[in-house]
Amino acid sequence: MRPVQPGDVATIAAQLARSVMYDPVAEWLVRDPDQRRAVFTELLAMDVDHAVEWGTVDVLLDMTGIAIWRHHPDDDLLSRHHLATVAEPALPRFRHYSALVNSYRSAAPHHWLAWLYVTPSHRRLGIATRLLARHHQVVDRLGIPIDAMVSTTHARNFLHHHGYRPGLSLHLPGGPQLWPLRRPARPVAAHRALPARSA
């Protein structure tokens, strides 16, 4: 496992764009499959590039596992201008989705699990668990929580198994459910107690 390099952005964005082609939220956001691939390829390239600079992106050496973590509060690269430029036909749905997600998110410092992806041929090998554990150590040292939003019961149950508490489901109009989750802060003690010295 290693931190991502700027030269990896295009490869990661392409992998994630392929993975969302049949994601229920992506299908709701952009109905046409050809437009969906084009829109998400461009949006993800910007999103990954931003996360490399301002967040954390971990990958396996062979790129079979990817985890993208956003740090909040931060400056949001994917502004209304970027969305309007890239996703213009589907802009109302993107805005509705963004408002729904932001209604759940805390304004307090936290990390956001934006993407956790493992290539299909390498699933059930513990890769996603390793990617989570790596970053859990980081946030535990910082003493802050992690928030996430998922669109399938499988993802919800997986994160719940790893200590994320699911909240009440959210609903996109005429679309899929979303499940917000939070892993509470688990601060590591700054100092361990020293053994008492004998007089």
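This tour proceeds through a predicted model, selection by selection.

**Strand E3 and its partners**

Begin by selecting strand E3, residues 65–72. Seven of its eight residues are buried, so the strand is largely enclosed by the rest of the structure. Next, add strand E2, residues 56–59, which pairs with E3 in the antiparallel sense over four bridges. Within this pairing, valine 57 stands opposite isoleucine 68 of E3. Then display strand E4, residues 110–118; E3 and E4 are likewise antiparallel, with eight bridges between them. Select tryptophan 69 here, and its bridge partner in E4 proves to be leucine 113.

**The turn between E2 and E3**

Return to E2 and E3, which form a hairpin with five residues between them. Select methionine 63, located in the loop that separates these two strands. Its phi is positive, about 65 degrees, although the residue is not a glycine. Most residues other than glycine have a negative phi. Is methionine 63 buried or exposed? Methionine 63 counts as buried, because its relative accessibility is 12%, and the cut-off for burial is under 20%.

For a second case, move to arginine 124, in the loop between E4 and helix H6 (127–142). Arginine 124 also has a positive phi, near 65 degrees. With a relative accessibility of 82%, however, arginine 124 counts as exposed.

**The nonpolar cores**

Now select Ile12, Phe40, Ile68 and Phe94, the residues with the most contacts inside the largest nonpolar core, which has 38 residues. Elements that each supply at least two residues of this core include helix H1 (9–19), helix H5 (91–104), E2, E3 and E4. Which element gives the largest share of this core? That element is H3, with seven residues. Centre the view on phenylalanine 40: leaving aside residues up to four places away in sequence, it touches Ala17, Val20, Ala26, Leu29, Val30 and Phe94. Apart from the largest core lies another, of 18 residues, among them Ala67, Ala128, Ile144 and Val150.

**Histidine 162**

Finally, select histidine 162, in the loop between helix H7 (153–161) and strand E6 (165–166). Histidine 162 is buried, with a relative accessible area of 19%. Show its side chain together with that of threonine 129: a polar contact of 3.2 Å joins the two. To complete the view, display Thr129, Leu132, His136 and Arg183, which histidine 162 touches when residues up to four places away in sequence are not counted.

Note on methods: Residues are numbered from 1 along each chain as its sequence is written. This is a predicted model: local features need pLDDT of at least 70, side-chain atom pairs count only at pLDDT 80 or more; totals for chains, interfaces and linings use all residues. Side-chain values use heavy atoms; hydrogens and water are left out. Buried means under 20% relative accessible area, exposed over 50%, partly exposed in between (1.4 Å probe, protein chains only). Two strands pair if DSSP finds at least two bridges between them. A nonpolar core is a set of buried Ala, Val, Leu, Ile, Met, Phe, Trp, Tyr and Cys residues joined through side-chain atoms within 4.5 Å. Contact means heavy atoms within 4.5 Å. A polar contact is a pair of N or O atoms within 3.5 Å; within protein, one must be able to donate a hydrogen and the other to accept it, and residues adjacent in sequence count only if both atoms are side-chain atoms.
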